[in-house]
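The following exercises are to be worked with the sequence and the coordinates at hand. Each task is followed by a solution in steps.

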Amino acid sequence: MSDTDSFKKMLRLMGISDDAKSDFDLDISISQPDWKQPILPEIEVSIDDIGTIFSEAGIFYQGRRVILYIRDQAQYFEQETNYKFHVTGCATLKGMYTQKRYDKYVLSENTSGIFKINVIIDNKIQSIEKKLHVCKHCLRALNWKGYKTVSPARQREIYEAFSLEEFFKVMNGDNQKNFAIIPKFTAETAPPNIYPANWTIISKMLRTEAGYTCSNCGKKISDTKNLHVHHRNGIKNDCSRSNLEVLCADCHRRKHNHKF
């Protein structure tokens with residue numbers, strides 16, 4: 001099967017048409033997984049080291065299971081964020097991919113459940129270590145311990161007791177892969193997801209270019225506090241013109257995971 005056929009097969013598994021248009025760019029290198037390689041509690045890897053293998057089941061990192069999570073977490077109004085880590089290609093990840101917001105994720109092999117997090121408030125970074133919970137959509141997709149068919153009370157027990165060490169031990173030898181697409185970066189290599197130093201100039205230029213009009217609802221707004229410039233992919237350091245749109249505060253609030 002050619003690389004093109006494999007890629008189209010992967011798209012169909014994710015519910016995406018073969019003809020769907022996207023500016024997503026993925027550099028694919030084919031490698032065979034090494035099932036005898038041990039799982040490490042924490043790794044530092046270069047993006048050049050990432051090998052992928054496409055199949056109906058998804059991919060591994062160098063033949064080993066990986067975890068995806070959002071390292072850089074914007075915090076609004078000092079409310080604690082509630083992001084989850086992912087262990088398989090669940091509905092949440094498929095949605096983030098189709099919305100072109102997949103680059104917010106980084107990969108990790110940390111099995112402790114405690115992750116490095118960059119809390120971002122007012123474009124300033126505070127690095128902490130934080131316990132994250134597993135994504136419930138992942139539990140459902142894997143039907144982990146019968147998650148789909150048990151009572152809500154039992155589902156809660158499975159969710160609360162989920163152990164990454166147990167998961168890696170149970171699942172590592174079954175040759176089932178997790179993710180159809182791997183993020184571009186690891187937790188160690190991803191650049192900080194913060195606004196660039198010239199963001200004030202960029203955002204003013206975009207609002208002026210738009211005539212201080214929301215590109216979504218068409219409302220004209222002179223108050224700059226209520227007219228924002230939105231990053232479509234959620235990556236604040238990606239200020240390419242195609243990634244930016246001018247939105248009123250109300251339309252901006254409706255975008256994925258925004259809180260104002």
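**Exercise 1. Backbone at three loop positions**

Asn143 counts as partly exposed, at 29% relative accessibility; buried means under 20% relative accessible area, exposed over 50%, and partly exposed in between (1.4 Å probe, protein chains only). The model is a predicted one, in which local features need pLDDT of at least 70 and side-chain atom pairs count only at pLDDT 80 or more, while totals for chains, interfaces and linings use all residues. Residues are numbered from 1 along each chain as its sequence is written, and side-chain values use heavy atoms, with hydrogens and water left out.

Task: State where Asn143 lies and what is notable about its phi.

Solution.
1. Asn143 is placed in the loop between helix H3 (136-142) and helix H4 (152-161); helices (H or I, at least four residues) and strands (E, at least two) are DSSP runs, numbered from the N terminus.
2. Its phi is near 50 degrees, a positive value in a residue other than glycine.
3. Asp122 also has a positive phi, of about 55 degrees, although it is not a glycine. Asp122 lies in the loop between strand E5 (114-121) and strand E6 (124-131) and is exposed, with a relative accessible area of 70%.
4. Helix H2 (residues 91-98) is followed by Lys100, whose phi is positive, near 60 degrees.

**Exercise 2. An open sheet**

Task: Determine the strand order of the three-stranded open sheet, and explain which strands stand at its edges.

Solution.
1. The order is E1-E4-E8, with mixed pairing; two strands pair if DSSP finds at least two bridges between them.
2. Strand E1 (67-70) and strand E8 (185-186) are the edge strands: each has a single partner strand, so one side of each is left without a neighbour in the sheet.
3. E1 pairs with strand E4 (residues 105-108) in the antiparallel sense over four bridges. Within this pairing, Val106 in E4 is the bridge partner of Tyr69.

**Exercise 3. The nonpolar cores**

Task: Which residues of the largest nonpolar core touch the most other members?

Solution.
1. A nonpolar core is a set of buried Ala, Val, Leu, Ile, Met, Phe, Trp, Tyr and Cys residues joined through side-chain atoms within 4.5 Å.
2. The largest core has 35 residues, of which Tyr69, Phe85, Val87, Phe115, Leu139, Phe162 and Leu164 touch the most other members.
3. E1, H2, E4, E5, H3, H4 and helix H5 (164-171) each give two or more residues to this core.
4. The contacts of Phe85 (heavy atoms within 4.5 Å) include Tyr69, Phe115, Cys135, Phe162 and Leu164, with residues up to four places away in sequence not counted.
5. A second, separate core of 12 residues includes Ile202, Ile221, Leu244 and Cys251.

**Exercise 4. Cysteines**

Task: How many disulfides are there?

Solution.
1. A disulfide is a pair of cysteine sulfur atoms within 2.5 Å; by this rule the count is zero.
2. Cys135 is in no disulfide, the nearest cysteine sulfur, that of Cys90, being 3.8 Å away. Cys135 is buried, with a relative accessible area of 4%.
3. The sulfur of Cys217 is 3.6 Å from the closest cysteine sulfur, in Cys214, which is too far for a bond. Cys217 is partly exposed, at 42% relative accessible area.

**Exercise 5. Charged side chains**

Task: Compare the setting of Arg241, which forms a salt bridge, with that of Lys236, which has none.

Solution.
1. A salt bridge is a side-chain nitrogen of Lys or Arg within 4 Å of a carboxyl oxygen of Asp or Glu; the structure holds eight.
2. Arg241 and Glu209 form one, with their closest N and O atoms 2.7 Å apart. Arg241 lies in the loop between E9 and E10 and Glu209 in helix H6 (residues 199-209), so the pair ties together parts that are 32 residues apart in sequence.
3. Arg241 is partly exposed, with a relative accessible area of 45%, and Glu209 is exposed, at 52%.
4. Lys236 is found in the loop between strand E9 (227-231) and strand E10 (244-248). Lys236 is buried, and the nearest side chain of opposite charge, Asp72, is 8.6 Å away; Lys and Arg count as positive and Asp and Glu as negative, with His and the chain ends not counted.
5. Among the residues that Lys236 touches are Tyr195, Pro196 and His231.
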